[in-house]
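This briefing walks through one structure topic by topic, for a reader who has the sequence and the coordinates at hand. Please keep both in view while reading.

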2 protein chains.
Amino acid sequence: MDKAIQSRFDEFIRKKGLRRTAQRDVIVEAAFGTTEHFTADELWDMSRRIDPATSRATLYRTLALLVESGLLQEIDLGRDQKYYDPNFLDHPNHNHLICLDCNSVVEFSDEHMEVLEDCITRRLGFRPSSKNLRIEAHCEEMASTGHCKRADK
Amino acid sequence: MDKAIQSRFDEFIRKKGLRRTAQRDVIVEAAFGTTEHFTADELWDMSRRIDPATSRATLYRTLALLVESGLLQEIDLGRDQKYYDPNFLDHPNHNHLICLDCNSVVEFSDEHMEVLEDCITRRLGFRPSSKNLRIEAHCEEMASTGHCKRADK
DNA sequence: GTTTCTGCAAAGGTTTTGCAACAAA
DNA sequence: TTTGTTGCAAAACCTTTGCAGAAAC
């Protein structure tokens, strides 16, 4: 799997005086073996496909470390559960558009948006740290053809 | 309290074939007796200050109705819990900036931002429905004076 | 009178934690 | 060895729900 991510996680782990373990490796491998967003429970499933013995407790503990390290990002898709996004390493400033017709998620980024966000933040007397935009929308395709090409789920 | 809100909620209730009750009135009064954001539990506290008998079950059921009616909006402040915002009636398109130094929340809106969001959405092939921007930032005041004038909490 | 609502207590779902055995360094 | 890690089972949280009595219309 992605050696670069494993070694970045390893580096983070060492800096904290923690230890690299087989269980953690499995969870990291599962988390970055996809570009899909996932819930804690879905990550548990993915991890158990690699090692069926993966426990929930270790999963949650490792998940917290991945988020703290910045490798994984918690995102709010406006659903009931928390989702995690493994794509911020490749696309550091992306945002999410949720299709209300098929529930799919489109990632996008826009540099005008970033400039404007920074500008607004400074005007308010702050120095920007992180910015997060979620757009919910209906797709034109659904409006014109009655169908949404993105599969539901 | 705010008669306009009570009657808008009443209208919503009637349209759904539901009933106006003293308990619901109390919760609506509590929710709109503040301009602060609150959690379900905080709303329960505020409601019990008006009527100590308010039950959690009724609180959650009424909260769901308030959100469904559009009077109250669920927001993600990047904390552990869900927060609810009673200010969308007065400021329909506002966003939130969270001060990482004192944890306070600043509401803001910007029409350039809205135009840009719509523009991006359409470029992606969608028709915008709702847009939600959260900015986390450090305040200049903290950087220069070592203190943040907004009280924590 | 009929239908909805309330409040309790119990259940549900997700996440955290205490602890003893285990493993990394 | 020492210190951190795991996995279990239990607890902690927050939210929802079944049900019987109460209230709205």
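Arg56(A) is found in helix H4, residues 56-69, of chain A, and it is a convenient place to enter this structure, which is a predicted model. With a relative accessible area of 39%, Arg56(A) counts as partly exposed, because partly exposed covers the range between under 20%, which is buried, and over 50%, which is exposed. The points below go on from this residue to the chain, the interface, the core and the empty spaces.

**Around Arg56(A)**
- Leaving out residues up to four places away in sequence, Arg56(A) touches Asp41(A) and Trp44(A).
- Leu43(A) lies 13 residues from Arg56(A) in sequence, and the two residues are 9.8 Å apart in space when taken from C-alpha to C-alpha.

**Chain A as a whole**
- Chain A contains six helices and five strands, and these elements follow the pattern α-α-α-α-β-β-β-β-α-β-α when read along the sequence.
- The C-alpha trace of chain A spans about 50 × 45 × 25 Å along its principal axes, and 42% of the 153 residues of the chain count as buried.
- Among the contacts in chain A that link residues at least 6 apart in sequence, 50% join residues at least 24 apart.

**The N-terminal part of chain B**
- Asp2(B) sits in the segment before H1 of chain B, and with a relative accessible area of 30% this residue is partly exposed.
- Although Asp2(B) and Gly33(B) are 31 residues apart along the chain, their C-alpha atoms are separated by 7.8 Å.
- In helix H2 of chain B, which covers residues 22-31, the buried residues are Val26(B), Ile27(B), Val28(B), Ala30(B) and Ala31(B).
- These buried residues of H2(B) pack against three helices of chain B, namely H1 (3-15), H3 (40-50) and H4 (56-69).

**The loop between S3 and S4 in each chain**
- Most residues other than glycine have a negative phi.
- Asn103(A), by contrast, has a positive phi near 70° without being a glycine; this residue lies in the loop between S3 and S4 of chain A and is partly exposed, at 39% relative accessible area.
- Asn103(B) likewise has a positive phi, of about 70°, although it is not a glycine; its place is in the loop between S3 and S4 of chain B, where it is partly exposed at 38% relative accessible area.

**The interface between the chains**
- The contact between the two chains takes 32 residues from chain B and 32 residues from chain A.
- Between them, chain B and chain A bury about 3000 Å², of which 63% is on carbon and sulfur atoms.
- On the chain B side, Phe126(B), Arg127(B) and His138(B) lose the most area to chain A, and together they make up 19% of what that side buries.
- Apart from its neighbours within four places in sequence, Phe126(B) is in contact with Thr121(B) in chain B and with a set of chain A residues that includes Leu97(A), Cys99(A), Val106(A), Ala137(A) and Arg150(A).

**The largest nonpolar core**
- Which members of the largest nonpolar core touch the most other members? Among its 28 residues, they are Leu97(A), Phe126(A), Leu97(B) and Phe126(B).
- In each of chain A and chain B, the elements that give two or more residues to this core are strand S3 (95-99), strand S4 (105-108), helix H5 (111-123) and strand S5.

**Pocket and cavities**
- The largest pocket holds about 1000 Å³ of space, and of the 37 residues that line it, Asp76(A), Arg134(A), Asp76(B), Leu77(B) and Arg134(B) are the closest to its centre.
- Strands S1 (73-75) and S5 (126-139) of chain A, together with strands S1 (73-75) and S5 (126-139) of chain B, are the elements that give two or more residues to the lining of this pocket.
- By type, the lining of the largest pocket divides into nine nonpolar, 12 polar and 16 charged residues.
- There are four cavities of 30 Å³ or more, and the largest cavity has a volume of about 40 Å³.
- Asn93(B), Asn95(B), Glu114(B), Glu117(B) and Lys131(B) line that largest cavity, so that its lining, in which Asp, Glu, Lys and Arg count as charged, holds no nonpolar, two polar and three charged residues.

Terms used:
Residues numbered from 1 in each chain as written. Chains lettered and ligands numbered in written order. Predicted model: local features only at pLDDT ≥ 70, side-chain atom pairs only at ≥ 80, totals over all residues. Heavy atoms only, no water. 1 Å grid on protein atoms, 1.4 Å probe; cavity = no way out; pocket = protein on both sides within 12 Å on 5 of 7 lines; lining within 4 Å. Points joined across faces, edges and corners; volume = space filled by probe spheres on them. Helix = DSSP H or I, 4+ residues; strand = E, 2+ residues; numbered from the N terminus. Core = buried A, V, L, I, M, F, W, Y, C linked by side-chain atoms within 4.5 Å. Buried < 20%, exposed > 50% of the residue type's maximum accessible area, 1.4 Å probe, protein only. Contact = heavy atoms within 4.5 Å. Buried area = accessible area lost by both parts, 1.4 Å probe.
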